[in-house]
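Reader: I'd like to go through this one with you, question by question. Can we start with the overall picture and then zoom in?

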Amino acid sequence: MDIVIHKLRGANMDIDLATPADDIAWQQDACPWNQAESTKIHRCAVKNVSLCPHFRGVEYLDTLLCSYPSSNKIVKPND
Ligand code: SF4
């Protein structure tokens, strides 16, 4: 049986890849923009505030899609 995936607008996410690995219990990649600038200020999605210009959503189950350094809208994810 096919599974229907709905795309629903209005998700108010709060996602970052800026938390130091020692502070979390799961494996997490680091934000490439933060790494390039040696900072922790860039966050993917800040609830009620903003989305990073490089944020391209989330892929099942918990993979963030990031277009850094491009901010073009059309992006082909790599593996
Ligand atoms: S979307 Fe990419 S560049 Fe933007 S904060 Fe997240 S990981 Fe960093």
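Reader: Among contacts between residues at least 6 apart in sequence, what share joins residues at least 24 apart?

Author: Keep in mind that this is a predicted model. Taking the chain's contacts between residues at least 6 apart in sequence, the share that links residues at least 24 apart is 35%.

Reader: And how much of the chain counts as buried?

Author: The C-alpha trace spans about 45 × 30 × 30 Å along its principal axes. The chain has 79 residues, and the part of them that counts as buried is 9%.

Reader: Which pattern do the helices and strands follow along the sequence?

Author: The chain has 1 helix and 4 strands. Reading along the sequence, you get α-β-β-β-β.

Reader: Is Asp-2 buried or exposed, and why?

Author: Asp-2 sits in the segment before α1, the helix of residues 32-37. Its C-alpha atom is 37 Å from that of Ala-18, 16 residues away along the chain. Exposed means 12 or fewer other C-beta atoms within 10 Å. Asp-2 has 4 of them, so Asp-2 is exposed.

Reader: Let's move to the strands. In which sense do β3 and β4 pair?

Author: Strand β3 covers residues 55-59 and β4 covers residues 63-66. A hairpin with 3 residues joins the two. They pair over 3 bridges, and the sense is antiparallel.

Reader: Which residue in β4 stands opposite Phe-55?

Author: Phe-55 belongs to the residue range of β3, 55-59. Its opposite number in β4 is Cys-66.

Reader: How does Arg-56 count in terms of exposure, and why?

Author: Arg-56 is found in strand β3. Along the chain Arg-56 is 12 residues from Cys-44, and their C-alpha atoms are 9.1 Å apart. Buried would take 20 or more other C-beta atoms within 10 Å, and exposed 12 or fewer. Arg-56 has 18 such neighbours, so the label is partly exposed.

Reader: Now the ligand. Which class of residue has 9 members in the shell around it?

Author: The residues surrounding the ligand include Cys-31, Cys-44, Cys-52 and Cys-66, along with His-42 and His-54. Also in the list are Leu-17, Pro-32, Trp-33, Arg-43, Phe-55 and Tyr-68. Cys counts as nonpolar here, and so do Leu, Pro, Trp, Phe and Tyr. With 2 polar and 1 charged residues alongside, the class with 9 is nonpolar.

Reader: Which residues named in the hairpin pairing also surround the ligand?

Author: The facing pair is Phe-55 and its partner in β4. Both turn up among the ligand's surroundings, as Phe-55 and Cys-66.

Terms used. Residues are numbered from 1 along each chain as its sequence is written. This is a predicted model: local features need pLDDT of at least 70, side-chain atom pairs count only at pLDDT 80 or more; totals for chains, interfaces and linings use all residues. A residue is near a molecule or strand if its C-beta atom, placed from the backbone, lies within 6 Å of it. Two strands pair if DSSP finds at least two bridges between them. Two residues are in contact if their C-beta atoms, placed from the backbone, lie within 7 Å.
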